[in-house]
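Me: Please take a close look at the aromatic side chains in this model. Once they are covered, carry on to the strands and the enclosed spaces.

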Amino acid sequence: TIQLVPLQAQAMTKIIYVCQAGSCRDAGSEAVLSEIEELAKGLGQCSVRESGCLGACAQAPNAIVQGGRRETLHVRLKDVKTTAAVVQEATGKAPCLDDPALVGRLTHIRQMRVRQQAQRVFKWSTAMVGLAEQVEQATGAKRRKLQLEHAQLLTAAGDWEAALAVMQQLRSSNTRDEQFSIEFARLLGKLGRVAEIDAVEEELALHLNQNSAASTRIASALRSCKQQNPSDIVDGQPRIENYCLWQLQGVTQVSKHSAIFHLVCRDKKRGTPHPRGRGKHPEPKTWHTTMLAQIGKNNEGPLPWIERDYTPVSSAKDWESGKCDILIKVYANGLATSWLSQQPIGCRVWLSQPVKTLEVPGLVPDGPSFRPASVLLVLAGTGIVAAPQVLQHRDPIQKLGFGTPSWDQLHVPIDLVFSCRQDDVLMVETMISWCTDQNKGLRRCIVLLTEPENLTSVPFPSTKQADDLINDLAALPNARVLPSRLSRELLVDTFSTMPMPCRIVVSGPASFNAAVKDMLDQCSVSREAVTILSA
């Protein structure tokens, strides 16, 4: 555990804040909250609440126990034993874990919640982590249910043969199940095995009155299964559900460490960040996409890829026209970034349909929020990608492709504090345009240049630093460029000029996010005012 001591005092009754943001939610924080609530029952005075990001995204899921002026951060709450330790600190009593049924039930709920969250954001490999082992350990109806779920996930991931193998194991006990039989036939149809669909129809006919409405309905459903959908196959391979293949059109090197990858796609199944039409109004939001880096066998999941979220620097309107620009820093030990940087121009990359990051104008992941009178962006490194999507809502017709109500357009003062290394300065030309047009851009901008990384090799050694552009930015009346790290004093000074209530959006590496959160805690800034994103 890590000890944090904020200035803001609290009542003596201890409060457990369970993070429900990004990485923690993906790691099962909804179940962690339920576990803590159940384990804390009857053990003493203790309040359990949801929380925004606690700044420890790399150690998800996590929670804070707050009592008086002291906070204790608990990280990697991966099982019931670790959540019990949180409850023990808050109540002074150890929850009883001697009941195997209780532990088993809570563990099952957590596994289910992790899978559900992964499925909501199209992360099929993450959803299947540990599922095969859970099937082996289960029995009876629970085993059959898990097997069916496993088959459905394999189908979504485009591994139709593996899905069929699981379905065939289930078939012997489900020959009379109409819904299962139709799903089985649909999978056979994807694989072009029409003769086997006829066999399924014959088996069902033995148990149904051929003149009944059910028989007619099932016969119609099975006939549709025999007709292969051309869109199920993409470039000769099964489509991964909610994904499209994008072609890498070019790479623009912007520093010695980072580049913008330009991708194009004509597949209409790519979706849109803002679904609308037929009476549906678009929901203002910021958004991201998930890239599948096909690195082969790996430790992150059972499928031959790893899943990484990226926020495009191009607009929602660009996405709808089939264009996507992604700013990525290439790390020597980064599995996904190293893989992408080695791909040739013209190769195809799987990108998911857009997924919501933050609601606008509240700039929170989910739920109710105040309407900000100003926005302070505190960003570092490739966390700068959060800025374009926020600012695009100031010019929705040009950037989003549709109009939005004026109260959702973030026509409030927006300031930017951006920290980056001297050899990895990003989006300087764009920041100049933001500072030049304050109505659609920034009121003020502070760029903090820190010392360069001490590396023996870099991915783009021939890229020149943007010194001239940095000087142009520094010359603007509403911009400053400082050779320093972010300090509490600078953060306090900037925050003090923001109209209230102010939404603070923090995005950068985990260490940066944690440091900013600590500074804000020390300044008694309300947690409800802060949104933290991992970069």
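Reply: A residue is called buried here when its relative accessible area is under 20%, and exposed when that value is over 50%. The model is predicted, and every value below is computed from it.

By the ring-centre rule, the model has three aromatic pairs. One of them is Phe 180 with Phe 184, whose ring centres are 6.2 Å apart and whose planes differ by 5°. Planes under 30 degrees apart count as stacked, so the Phe 180 and Phe 184 pair falls in that class. Both residues sit in helix α9 (residues 178-190), and because they are four residues apart there, about one helical turn separates them. As for exposure, Phe 180 and Phe 184 are both buried. By the cut-off above, each therefore has under 20% relative accessible area.

Another pair is Trp 246 with Trp 319, which is tilted, with 4.5 Å from centre to centre and 45° between the planes. This tryptophan pair joins distant parts of the chain, since Trp 246 belongs to strand β8 (residues 243-253) and Trp 319 to helix α12 (residues 316-320), with their positions 73 residues apart. Trp 246 and Trp 319 are both buried as well. They are also members of one aromatic cluster, which Trp 287 completes.

The strands come next, starting with β17. Strand β17 (residues 444-450) has seven residues, and six of them are buried, so the strand is largely enclosed by the rest of the structure. β17 is paired with strand β16 (residues 414-421) through seven bridges, in the parallel sense. Within that pairing, Arg 444 of β17 stands opposite Asp 415. The connection is a right-handed β-α-β unit made of β16, helix α16 (residues 428-436) and β17.

β17 also runs parallel to strand β18 (residues 479-482), to which four bridges join it. Leu 448 has Leu 482 in β18 as its bridge partner. From β17 the chain passes through helix α17 (residues 467-474) to reach β18, again in a right-handed β-α-β crossover. β17 is thus bridged to β16 and to β18.

Strand β2 (residues 14-19) is mostly covered too, with five of its six residues buried. Six bridges pair β2 with strand β3 (residues 46-51) in the parallel sense, whereas strand β4 (residues 63-67) is antiparallel to β2 and joined to it by four bridges. Val 18 takes part in both pairings: its bridge partner in β3 is Glu 50, and its bridge partner in β4 is Ala 63.

Helix α16, met above between β16 and β17, leads on to an open space. The second largest pocket holds about 650 Å³. It is lined by 28 residues, and the closest to the pocket's centre are Met 427, Glu 429, Thr 430, Ser 433 and Trp 434. α16 contributes five residues to this lining, the most of any element. Strand β12 (323-329) and helix α14 (386-391) each supply at least two residues, as does α16. By class, the pocket lining is made of 13 nonpolar, seven polar and eight charged residues.

The closed spaces remain. The structure holds two cavities of 30 Å³ or more. The largest cavity has a volume of about 90 Å³. Residues lining the largest cavity include Ser 51, Gly 52, Cys 53, Lys 517, Leu 520 and Asp 521. Helix α19 (510-522) and strand β20 (530-534) are the elements that give two or more residues to that lining, and α19 has the largest share, with three. The lining of the largest cavity divides into five nonpolar, three polar and three charged residues.

The second largest cavity contains about 50 Å³ of space. Among its lining residues are Val 254, Ser 255 and Lys 256, together with Gln 422, Asp 423, Asp 424 and Val 425. Further lining residues of the second largest cavity are Thr 463, Lys 464, Gln 465 and Ala 466. By class, this lining has three nonpolar, four polar and four charged residues.

Technical notes:
Residues are numbered from 1 along each chain as its sequence is written. This is a predicted model: local features need pLDDT of at least 70, side-chain atom pairs count only at pLDDT 80 or more; totals for chains, interfaces and linings use all residues. Side-chain values use heavy atoms; hydrogens and water are left out. Buried means under 20% relative accessible area, exposed over 50%, partly exposed in between (1.4 Å probe, protein chains only). Two strands pair if DSSP finds at least two bridges between them. A crossover is right-handed if, with the strands pointing away from the viewer, the path from the first strand over the helix to the second runs clockwise. On a 1 Å grid over the protein atoms alone, a cavity is a set of points where a 1.4 Å probe fits but cannot get out, and a pocket is an open set with protein on both sides within 12 Å along at least five of seven lines; lining residues have an atom within 4 Å of a point. Grid points are joined across faces, edges and corners, and a volume is the space filled by probe spheres set on the points. Ala, Val, Leu, Ile, Met, Phe, Trp, Tyr, Cys and Pro count as nonpolar, Asp, Glu, Lys and Arg as charged, and the others, Gly among them, as polar. Rings of Phe, Tyr and Trp (its six-membered ring) pair if their centres lie within 6.5 Å; planes under 30 degrees apart count as stacked, over 60 as edge-to-face and the rest as tilted.
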